[in-house]
Amino acid sequence: MRGYARNVTLRLTCSAIALLALTAYQAPEDDSEASAAAPETTSASDVAADGVIHPELWPSFTPPPLAPDVEARIDAILATMTLEQKVGQVIQADSGSVTPEEVREYRLGSVLSGGNSAPGPLPYADTQTWLEAADAYFNASIDPDGVDIAIPIIWGIDAVHGHANLRGAVVFPHNIGLGAMRNPDLIEDIYRVTARELSVSGHDWTFAPTLAVPQDDRWGRTYEGFSEDPAIVASYGDRIVYGLQGRPGTDSFMSTGRVISSAKHYLADGGTENGRDQGNAIISEAELRDIHAAGYLTAVPAGVQTVMASFSSWWDQPMHGNEALLTDVLKDRLGFQGFVVGDWNGHGLIASCTSTDCPDAFNAGMDMYMAPDSWRELYHSTLGHVRSGVISEARLDDAVRRILRVKINSGIFELPAPSARPLAGNADILAAPEHREIARQAVRESLVLLKNANQTLPLEAGLTVLVVGDGADSIAKASGGWTLSWQGGGHENSEFPNGQTILDGIRETVEAAGGTVIHDPDGQSGASADVVIAIYGEDPYAEFQGDRDHLDFVPNGFDTERLSELGADGTPVVSVFLSGRPMWANPEINASDAFVAAWLPGSEGGGIADMLFRSDPGFDFTGRLSYSWPATATGEPLNPGDADYDPLFALGYGLSFGEPDPLGPLPEESGLSARDTAPEGTYYSRGQAIPPWQVSVISGDTSDSSQVLPVELDGIRVGATDRNAQEDSLHVIWNRADTGIRIAAEEAIDLERQANGAMELAFQARAFGNAPALVEVGMGCQSDTPCTATVPIRIVQGNWAEYRISLNCFADAGVDMNAINSAFILNLPADGGEIGISEVRLESDTDAMRTCGNTAN
């Protein structure tokens with residue numbers, strides 16, 4: 001099973017997890033009378049890896065008794081609701097696709113704002129803009145016209161490392177760094193602050209915490225997981241829920257400044273084959289339970305109000321439709337009393353479903369569809385299924401009861417409009433001194449010192465310091481994805497008015513001690529200095545688009561070959577490495593005297609300076625790896641208990657000040673071939689097709705796939721032309737119809753995830769001469785029936801321009817995205833023309849705008 005079948009009894013056993021959950025559930029400040037009982041102890045070999053769930057082998061929790069007054073109130077509300085209202089309650093729409101008037105008309109239960117769906121022209125918004133939108137949706141939902149009872153909506157958002165879609169909010173380190181600090185008390189404080197800042201903008205609900213236990217670091221969401229070790233995740237699950245919601249049974253629960261929490265993504269999102277987002281976990285039930293459920297076994301007893309289903313599958317069963325896990329285990333065995341919400345159109349991944357029609361997910365135990373842009377059609381199909389009996393009224397009432405229970409528990413029925421609530425609109429709360437200090441402490445504790453030759457660190461603050469690298473003066477790069485926008489990146493420092501860059505943090509410390517900072521991003525100035533601090537790493541990314549085939553760090557905004565040159569005269573070089581996962585960076589480690597894994601530290605760059613210069617004698621590097629660090633770049637799963645576990649730095653590794661550093665020169669052979677390092681999703685680059693893709697020239701029924709240019713057929717000639725380098729592009733001249741080119745492969749590939757992940761077919765093009773060229777660009781699939789779709793593209797004359805087409809355009813036109821064997825089709829018109837084509841690839845749709853032709857970017 002490609003490294004997944006390992007001895008999970010070396011990790012955290014089922015009974016140990018149950019004990020952790022029991023301890024958390026019976027914390028002194030929680031006066032609930034719940035009890036937990038561990039199941040009979042089983043080993044991995046006791047549970048067949050056959051895709052069948054055995055609920056009796058999972059921990060069993062007895063939840064606290066339901067509050068009689070709450071349940072009576074729910075009964076009274078249900079008795080007055082129409083069928084249409086009940087169906088509305090189980091639908092959640094995205095704020096970019098629903099108006100307040102539609103919330104009123106359909107009586108929707110919830111609105112969310114996706115990573116790029118803030119009100120206004122930007123993917124994020126300021127406090128006032130959020131509150132105006134929140135008021136509009138809330139007031140629409142409680143409008144009593146036409147109903148016996150109006151039920152307020154709850155508004156959800158992904159505040160996964162602070163309220164990072166709110167201008168001015170604190171951006172905390174991503175979870176991968178928070179796992180390295182191993183501090184449950186601080187994690188509770190971080191999420192308490194997050195809840196307070198969410199209250200400023202009028203939000204009721206955050207889709208956090210992520211309780212994934214990533215086992216393959218090639219996954220693009222690795223940084224959203226606290227650790228590959230389930231014990232670390234379990235130690236945080238309850239404390240995060242307490243931070244967001246308060247403790248059940250106390251006055252803190254859902255009090256002012258608290259928000260609804262959502263544990264996600266249930267289940268095994270971090271256990272898919274090859275670390276693929278929306279992928280398939282081919283693992284035993286024991287591993288599913290003992291590793292991937294660890295965080296839920298503490299979060300559920302802590303009273304988490306919602307759980308989000310995972311995009312992923314287990315043994316080819318999509319989690320959105322897995323009744324055994326959603327109902328038999330989560331609700332019945334673990335005693336979960338809240339409601340299950342889906343992920344972004346995740347119900348549509350079930351084979352029997354589409355995004356607009358999916359009774360199977362609901363019948364399996366999902367209580368609220370997350371239907372961002374499909375909500376209207378889904379509402380009508382779901383209403384029809386209830387009327388026909390496909391969905392029973394009892395199942396509908398159970399889902400609505402759960403939703404109402406959470407809403408009543410949250411106090412939403414008694415609250416005024418969002419702008420009139422306590423804390424709302426109070427800009428002084430955003431990045432308050434306490435909040436920033438908590439974030440700065442988290443930065444300090446999350447840093448892991450991997451190399452410290454000759455005790456290079458700590459540095460003297462009064463030195464002349466040369467700061468290089470593109471991460472030094474960029475809060476966006478230091479914060480990663482899910483920061484101001486879904487994929488993050490591209491945001492100026494001015495968009496973080498309460499943040500501090502790493503560079504400014506260093507300046508503040510050094511200049512206060514009488515030293516000098518020279519900022520030279522490219523490291524080309526030749527300036528003389530006492531020490532070089534290089535800050536560089538991965539560019540921002542988020543789910544799916546961050547998936548990788550390997551873990552080789554490829555320098556981007558800063559050429560790390562400069563490190564050796566900068567240190568050639570004996571000047572110490574300190575690397576601060578920004579990344580969302582451990583990466584093979586042996587050349588960079590070798591070229592550095594000290595190497596700090598800083599992960600994605602967020603908006604408090606001063607925390608980096610605190611540690612590099614030890615600005616307080618009490619500071620020390622206490623961060624320890626929460627993920628194993630790879631010895632090669634190949635990227636296979638690397639976790640304790642694997643038979644071939646051989647990391648460069650093991651789980652738990654990290655140096656402290658003064659500790660001997662045994663690290664010698666590291667090998668610089670990555671283990672990758674040239675084909676391995678070709679960018680994923682690139683079909684034609686630098687003048688050549690990327691294997692296994694080939695360029696074919698088409699004329700009528702004739703084709704020529706020779707890779708030696710020029711190729712000339714009747715009516716078409718394809719040669720080479722220059723864009724950025726000699727002959728790095730295709731030069732196409734034609735004078736008849738039925739001509740074109742194809743970039744195709746013998747074996748089909750699956751691009752369904754890419755289509756669902758807002759990816760685009762991108763290419764560079766230009767028309768030669770004095771007129772534009774109207775061509776057709778498309779994709780095709782491997783099928784017995786015609787399976788090709790094209791869109792018209794107007795290639796403008798003059799300079800090269802980038803053109804993008806959403807993969808959804810092809811999917812909507814009937815192309816089977818599971819079986820693409822023609823990744824780029826160019827059909828040429830009868831009137832002839834001359835164009836250039838270059839750099840054909842897949843790219844992320846950073847604007848989240850669907851483009852179906854006639855557009856150049």
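Mentor: Helices (H or I, at least four residues) and strands (E, at least two) are DSSP runs, numbered from the N terminus. D738, for instance, is found in the loop between β26 (729-734) and β27 (739-749). The model is a predicted one, in which local features need pLDDT of at least 70 and side-chain atom pairs count only at pLDDT 80 or more, while totals for chains, interfaces and linings use all residues. Residues are numbered from 1 along each chain as its sequence is written, and side-chain values use heavy atoms, with hydrogens and water left out.

Trainee: What is the mean pLDDT of the protein?

Mentor: The predictor's confidence in each residue, from 0 to 100, is what pLDDT expresses, and its mean over the protein is 91, with 92% of the residues reaching 70 or more. Over residues 1-48, however, the pLDDT is below 50, and this stretch has 116 contacts in the model beyond near neighbours in sequence (contact means heavy atoms within 4.5 Å).

Trainee: Why is D738 called exposed?

Mentor: Buried means under 20% relative accessible area, exposed means over 50%, and partly exposed lies in between, with a 1.4 Å probe and protein chains only. D738 has a relative accessible area of 57%, which is over the 50% limit, and therefore D738 counts as exposed. D738 also has a positive phi of about 60°, although it is not a glycine.

Trainee: What makes Q455 count as partly exposed?

Mentor: The relative accessibility of Q455 is 34%, a value between the two limits of 20% and 50%, so Q455 is partly exposed. Q455 sits in the loop between β14 (448-452) and β15 (464-468), and its phi is positive, about 55°, although Q455 is not a glycine.

Trainee: How do you know that Q85 counts as buried?

Mentor: Q85 has 4% relative accessibility, which is under 20%, and therefore it counts as buried. Its place is in helix α3 (residues 83-89), and, leaving aside neighbours within four places in sequence, Q85 is in contact with T80, R107, V147 and I149.

Trainee: Why is α7 called oblique to α15?

Mentor: Two packed helices are described by the angle between their axes and the distance between the axes. Axes are lines fitted to C-alpha atoms, for helices over the stretch in contact, and angles run from 0 to 180 degrees between N-to-C directions. Angles under 35 degrees count as roughly parallel, over 145 as roughly antiparallel, 65 to 115 as roughly perpendicular and the rest as oblique. The axes of α7 (residues 184-200) and α15 (residues 433-446) come within 10 Å and cross at roughly 140°. That angle falls in none of the three named ranges, so α7 is oblique to α15.

Trainee: What makes α2 oblique to α14?

Mentor: Helix α2 (residues 68-80) and helix α14 (residues 393-410) pack at about 125°, with their axes 10 Å apart. This angle, too, belongs to the rest, and so α2 is oblique to α14. The contact is made by residues including V70, I74 and L78 of α2 and V400, L404 and I408 of α14.

Trainee: Where do cis peptide bonds occur?

Mentor: One cis peptide bond joins A208 and P209, with omega about 10°, and P209 lies in the loop between β6 (205-206) and α8 (230-245). Another runs from Y266 to L267, with omega near 15°, and L267 is placed in the loop between β7 (262-266) and β8 (280-281).
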